[in-house]
Amino acid sequence: MGAVRKVVSYLGLGGIDQYDDGYDDEQYEDEYMPASERAAKRWRSTVESSRIVMVQPLKYNDAPMIGQHFREGQTVIMDVTGMPMPEATRMVDFAAGLAYGCEGRIERIADRVFLLAPAHVEIENT
């Protein structure tokens, strides 16, 4: 293949290649599941949902412990009052990302105290 043909082929200006085989969509029809159902299945609670864990991190390195409890399906109350403000902000950002990634919720329940609820936990505001 000459240089000009390579450039034409690279830029997509050449003729359209005909494919022999079509796509077999039938094999994927049974496997389709909406993203919300896939996420709920992935993060399904392995622990009873009535368990609530209270965590008072003192440094940002305690974040994996919060993530572990939350991914196990436990509701977490995170109290960052004992942390310096920059680290507390960073911890809340981590918790918000964790809740979003696992399709849960994060709610502020007091000054520097937050509730992280998994997707299967219902929160009522009165």
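How many helices and how many strands are there in the protein? The points below answer this and then turn to individual residues.

1. Overall architecture. The model under discussion is predicted. The protein has five helices and four strands. Read from the N terminus, these elements follow the order α-α-α-β-α-β-α-β-β.

2. Burial, surface and contacts. The protein comprises 126 residues, of which 27% count as buried. The area exposed by the protein is about 9,700 Å², and carbon and sulfur atoms contribute 51% of that area. Among the contacts with a separation of 6 or more, 56% are between residues 24 or more positions apart.

3. Position and charge of D79. This residue deserves the reader's attention. D79 belongs to strand β2, which covers residues 75-79. Does D79 lie buried or exposed? D79 is buried, and no salt bridge accompanies it. The nearest side chain of opposite charge is that of R112, at 6.9 Å. The absence of a salt bridge follows because the pairing requires a nitrogen within 4 Å of a carboxyl oxygen, and R112 is 6.9 Å away from D79.

4. Polar partners of D79. Which side chains make polar contacts with the side chain of D79? One is the side chain of Q56, with a polar contact of 3.1 Å. Another is the side chain of T81, where the polar contact with the D79 side chain is 2.8 Å.

5. Wider surroundings of D79. With neighbours within four places in sequence set aside, D79 is in contact with M54, V55, Q56 and P57, and also with R112 and V113. Q56 therefore appears both in this list and as a polar partner of the D79 side chain through a polar contact of 3.1 Å, well inside the 3.5 Å limit for such a pair. R112 is likewise in contact with D79, although D79 has no salt bridge.

6. Salt bridges. How many salt bridges does the structure hold? There are three. In one of them, R105 pairs with E107, and the closest N and O atoms are 2.4 Å apart. R105 is partly exposed at 36% relative accessibility, and E107 is also partly exposed, with a relative accessible area of 21%.

7. The D62 and K59 pair. A salt bridge links D62 to K59, with 3.6 Å between the closest N and O atoms. D62 is buried, its relative accessible area being 18%, whereas K59 counts as partly exposed at 42% relative accessibility. D62 is classed as buried because its value of 18% is under the 20% limit.

8. The D111 and R108 pair. D111 forms a salt bridge with R108, and the closest N and O atoms are 3.8 Å apart. Both D111 and R108 are exposed.

9. Backbone at E103. Most residues other than glycine have a negative phi. E103 is not a glycine, yet its phi is positive, at about 60°. E103 is found in the loop between α5 (85-101) and β3 (105-110). With a relative accessible area of 40%, E103 is partly exposed.

10. Backbone at R112. Where does R112 lie? R112 is in the loop between β3 and β4 (113-117). Its phi is near 65°, again a positive value in a residue other than glycine. R112 is also the residue whose side chain is the nearest of opposite charge to D79.

Note on methods: Residues numbered from 1 in each chain as written. Predicted model: local features only at pLDDT ≥ 70, side-chain atom pairs only at ≥ 80, totals over all residues. Heavy atoms only, no water. Helix = DSSP H or I, 4+ residues; strand = E, 2+ residues; numbered from the N terminus. Buried < 20%, exposed > 50% of the residue type's maximum accessible area, 1.4 Å probe, protein only. Lys, Arg positive; Asp, Glu negative; His and termini not counted. Polar contact = N/O pair within 3.5 Å; in protein donor to acceptor, adjacent residues only side chain to side chain. Contact = heavy atoms within 4.5 Å. Areas by Shrake-Rupley, 256 points an atom, 1.4 Å probe, with all protein chains shown as cover.
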